[in-house]
Amino acid sequence: MEHRHLTLMFTDIVGYSSLMGRDQVQTIAMLEDYRRILIEQIGKQQGTVIEFIGDAVFARFDTPQAGVTAAIEIQKALFSFNHFRDKSLPQLRTRIGLHCGEVATKNDAFFGDDVNIAARLEPIAIADGICVSDRVYQSIKGELREPCMALGVLPLKNIQSKVRGYLIRPLGITLSIRAHYLNRRFNEKLGAYRYAIAASVICLILLGIYFIPRWLVPGYDANYVEITDFKMLSTDGGTNEYLSSGISDAVRAQLADMKDVYVLKTGEGVEAPILLEGSVQRNGDNLRIAYQIKRKDGDVQIAGGKLDGKYNEIFILQDRLVGEIAKYLADEFDIPNFRPARLDTTSDILAYEYYMRGMEFYNRPKSESNSDEAIKFFSTALVHDPAYVDAEVALCRVYTTKYLSNRNVNWVESAEQHCNAALQLAPENDNALTAMASIYTRTGHHDQAIALLSGITEREPENGRAARALALALAKNKQVDDAIKLLQSSIEAAPKDWRNYSHLGRLYLSTGEMQLAIEAYLAVLEITPKNSSVLSNLGTAYYFTGNLKKAREYFQKHTELVKTAQAYTNLGTLNYFLGEYEIASKQFKIAVDLAPSDPVNHLNYADSLRNTPRMKRFAKEHYTTAIRLAKQMHKLDPTDANNMRTLALCYLGVTDIEAAKKYLSMAAEYESGTGDYLYLKLRYEIATNQLESSSETLEALLQTGYSPALLSHDPDLLPIRKMKGYKQLIAKY
């Protein structure tokens, strides 16, 4: 007797007896096909067929990984066999059981409980499924990419030990399969009334599984999927990072074509209920792309897989990858399966490689060096393929970025040159048209931008991106009513696309219609509640309506998602106006720690310390720091009016009136009629006890739209609020 650690597999054909009773000759022929497929896949994993018992197969493997891989490939091979088989013939489907452990062998016979456990697991699997024991699952779970579901402790006949099981099904785990195992569990545990109770509970569970996510998880019905940047697993010192970035962008671009599916990029500040993540690995000429689709709620894996091929087959691999993902998303969202069209890109591998390298730099934080590197790689891509439209569009965009950073007209001319080149190659290319329209919008040629974007929206009424760009161009051209109507039409056409509501809210915010902005932003939060930018904008809208407590509530939610200096500054400002100086000082301190070189953060912190008991003595230190930092900025840009106001307020904080007056006068040269300047002037008049002239300044400030609610809460304006006639003046606004 020999003892060995093996992984054992048992299989049988679903419905074999009834097939034999219906057509014996046909079933025997099908059995031969079945055995051929199993022998081939088992052999590929160095497994050995021990015995054929009618329609059953008993096989062994040296490792759990080999056994599971063989089982998965068997199910996939049978699916392909059925797919290409005459549909009038019966389907060939199998169940598989897998277990590993110490096995006693003698004269090619196998003995022991572990053999019996493997045999008992097979009938527990459903058609096209694989039932594995906990031992097998623990060995392979790190590599598993197929849909998997825990079955709990399984009651196995004549087996005393407790065995936990898991179901693996490459074709996906549907609601009916979950219901099957729930019903099985109830039937095992309940007594005489088990059927009635099981039916009731299963109905409730099925209703819950289907409807609760759509009721309680905003964004579920809207079919939002969040796509992370794929990870690069190659150990090459990071020289292939562009690959993962390029593949991630390609996947997002293609999946965005799926009707009724909205694609988000991780890091945009919006969280979706479904997450797609993946990895890319390159080893010489070999390329592997793996992916995983999960529900965030409960971290439940929906599907996953990996695709292997040669590097020069990258276009084929990307197309297959998107096709698989699209199928799983269609199943998850219960929408028709739609295979996105392959990206209309180059067929030259080297051109595509240089394009991806350029996109890696283009997607990095904006800087002169990153833009120059991107230009170098995009230009090299065009050397390899002069008809590469995407590379021309990318150059157009990166030159536009350079223009926006330093306003050099040469960069605009270069951007237009590449956009025109792209349009000569593909006159109706949406990316080229929107890139050109962006140039026109940025340079004040709004009519030309409107003409280009109108052409896209007329040709593609469902193109939300073009409609939003057109609304922006209309608003900049002072056609605000037309922009609002366009966004409202976009909302009617795509009521689940949060970007339409957000753009509408931003438009209302810019026109001072705060209540309408609030309604638009609240509509966004019904779809995407974890939307950081909208939470911030909603706080701003409430801030300007004077509802400071509501504003604080949304700024608080914003800081829970985004830990930036600006987020804590906004929240600290609200607490400051609400008289919570100690809380405000803590939040301003966080802003200082996150951005210590920003003088405004030190100014805010000093103001809050000045109003906090027992902390006043520390205020001067931060006023002084703010002055030092702001002076450094003033040397770099003497025309920055915002920085001049910061310096004036800091000098008021340290009671250096002459210095404050100097910077107040300088600011007046650039922005004498703005609300920010008038507020500064009001503070200066209070500090110098010029209360009579401050009445005129106060009225001018209110005429700019400054919120009376802020005036009534600002501790630095207390002397104004005590003036005679203050209440009558405020009442007018």
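1. Aromatic pairs. This is a predicted model. A search of the whole structure finds 16 aromatic pairs. One of them joins Tyr137 and Tyr166. Their rings are stacked, at 3.9 Å centre to centre, with 10° between the planes. Tyr137 belongs to helix 5 (residues 134–140). Tyr166 belongs to strand 8 (residues 163–168). The pair therefore ties together parts that are 29 residues apart in sequence. Both residues, Tyr137 and Tyr166, are buried.

2. An edge-to-face pair. How do the rings of Tyr543 and Phe544 meet? They are edge-to-face, with 85° between the planes and 5.2 Å centre to centre. Is Tyr543 buried or exposed? Tyr543 has a relative accessible area of 14%, and the cut-off for buried is under 20%, so Tyr543 counts as buried. Phe544 has a relative accessible area of 38%. That value falls between 20% and 50%, so Phe544 is partly exposed.

3. A ring cluster. Tyr543 and Phe544 do not stand alone as a pair. Ring pairs link them with Tyr576, Phe577 and Tyr581 into a cluster. When viewing the model, select these five names together: Tyr543, Phe544, Tyr576, Phe577 and Tyr581.

4. Charges over rings. Which ring has the charged end of Arg282 over it? It is the ring of Tyr311, and the charged end sits 3.7 Å from its centre. Lys402 is placed over the face of Trp411. Here the distance to the ring centre is 4.5 Å.

5. Asn500. This residue is found in helix 18 (residues 498–510). Asn500 has a relative accessible area of 2%. Buried means under 20%, so Asn500 is buried. Its side chain reaches the backbone oxygen of Ser490 at 3.4 Å. Which residues does Asn500 touch, leaving out those up to four places away in sequence? They are Arg468, Leu487, Ser490, Ile491 and Ala494. Ser490 thus appears twice for Asn500: in the side-chain approach to its backbone oxygen, and in the list of touching residues.

6. Confidence. The chain averages a pLDDT of 86. Of the residues, 94% score at least 70. Among the elements of the chain, strand 6 (residues 130–133) has the highest mean pLDDT, 94. Helix 7 (residues 194–216) has the lowest, 55.

7. A stretch with low scores. Where does pLDDT stay under 50? It does so over residues 209–218. For this stretch the model has 17 contacts beyond four places in sequence.

Notes
Residues are numbered from 1 along each chain as its sequence is written. This is a predicted model: local features need pLDDT of at least 70, side-chain atom pairs count only at pLDDT 80 or more; totals for chains, interfaces and linings use all residues. Side-chain values use heavy atoms; hydrogens and water are left out. Helices (H or I, at least four residues) and strands (E, at least two) are DSSP runs, numbered from the N terminus. Buried means under 20% relative accessible area, exposed over 50%, partly exposed in between (1.4 Å probe, protein chains only). A polar contact is a pair of N or O atoms within 3.5 Å; within protein, one must be able to donate a hydrogen and the other to accept it, and residues adjacent in sequence count only if both atoms are side-chain atoms. Contact means heavy atoms within 4.5 Å. Rings of Phe, Tyr and Trp (its six-membered ring) pair if their centres lie within 6.5 Å; planes under 30 degrees apart count as stacked, over 60 as edge-to-face and the rest as tilted. A charge sits over a ring if NZ of Lys or CZ of Arg is within 6 Å of the ring centre and within 35 degrees of the ring normal. pLDDT is the predictor's confidence in each residue, from 0 to 100.
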